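Thank you all for coming; I would like to walk you slowly through one model this morning, taking a few side-chain pairs before turning to a helix. Please have the sequence and the structure open in front of you as I go.

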Amino acid sequence: MRTDFEPDALGPVGFYKFLTSVIVPRAIAWVVTRSAEGVDNLAPHSFFTVASTDPPVVQFTSVGEKDSLRNAEATGEFTVCLTPEPLLEAINATATDFPAHESEIDATGVTREPSTHVAPPRIAESPVALECRLERTLPVGNCTLVLGRVVHAVVSDDALVDGRPDVRRLAPLARLGGNEWSTIGEVVATPRIRYADWPGHYPGASPSS
């Protein structure tokens, strides 16, 4: 048995809650922007992914017209910081609907760190920061995709193993449905199978007779 869910029947809010409950876990972009008036905004966006690897472009989605979107379009710059497990309370607090003239950085007490190539700062407590210049924005329905070209990246030394970021040391948070969050949990390494080595059936399944 399965239960059917129709977008039109649930309505925009109801289906939004459905989508965010089944598209899980979702990586979080902790986005720092600076308004034209010089106010630093910090907000988590859980619709976040890589849009291109060459050139390196990351993408987050503004649901509605958020300060992150307005500031990025006004100044052409933003930073994306990783959201580590120890900062859960601060990250959640930056989702509060502060007025545009108040900085979430100041309200939550996290620390600004100067960026190398863009004006918006990085968050010093975050182990990873991507400095981005706005590539373009793309309206889709009630949302706007914000694409930024990564012009610089930094990683805390204690999060590196053999020169590469280690997910256990990064300890990233992810968003689930409702008010739920998740931690990295168990990490499983499973190498991909080359076609030349394909065994003729799905690994773990019983070979057909």
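Let me begin with Arg-70 and Asp-67, whose side chains meet in a salt bridge with a distance of 2.3 Å from N to O. I should say at once that this is a predicted model, and that the distances I quote are computed from it. Both residues sit in helix H2, which covers residues 67–75, and because they are three residues apart there, about one helical turn separates Arg-70 from Asp-67. In general, an α-helix has 3.6 residues a turn, so residues three or four places apart point the same way. As for their surroundings, Arg-70 counts as partly exposed, at 35% relative accessibility, whereas Asp-67, at 15%, counts as buried.

That pair belongs to a wider set, since the structure holds 10 salt bridges. Which parts of the chain does the pair of Arg-112 and Asp-40 tie together? Arg-112 lies in strand E7, residues 112–113, and Asp-40 lies in strand E3, residues 40–45, so this pair links parts that are 72 residues apart in sequence. The two side chains meet in a salt bridge at 2.7 Å, again from N to O. Asp-40 is buried, with a relative accessible area of 4%, while Arg-112 is partly exposed, at 34% relative accessibility.

Another salt bridge joins Arg-194 to Asp-197, and here the closest N and O atoms are 3.0 Å apart. Arg-194 is exposed, with a relative accessible area of 55%, and Asp-197 is partly exposed, with a relative accessible area of 45%. Elsewhere, salt bridges that share partners join Arg-34, Asp-40, Asp-106 and Arg-112 into one network, and you will recognise in that list the Arg-112 and Asp-40 pair that I described a moment ago.

Let me finish with helix H1, which runs over residues 7–22. Although H1 has 16 residues, its end C-alpha atoms are only 14 Å apart, short of the 22 Å that a straight helix would reach at 1.5 Å a residue. Where in H1 is the kink centred? The kink is centred on Val-13, and its angle is about 85 degrees. Within H1, the residues Gly-11, Phe-15 and Thr-20 are buried, and the buried residues of this helix pack against strand E1, residues 26–27.

Terms used. Residues are numbered from 1 along each chain as its sequence is written. This is a predicted model: local features need pLDDT of at least 70, side-chain atom pairs count only at pLDDT 80 or more; totals for chains, interfaces and linings use all residues. Side-chain values use heavy atoms; hydrogens and water are left out. Helices (H or I, at least four residues) and strands (E, at least two) are DSSP runs, numbered from the N terminus. The expected span of a helix is 1.5 Å times one less than its number of residues. The bend at a residue is the angle between axes fitted to the seven residues ending there and the seven starting there. Buried means under 20% relative accessible area, exposed over 50%, partly exposed in between (1.4 Å probe, protein chains only). Contact means heavy atoms within 4.5 Å. A salt bridge is a side-chain nitrogen of Lys or Arg within 4 Å of a carboxyl oxygen of Asp or Glu.
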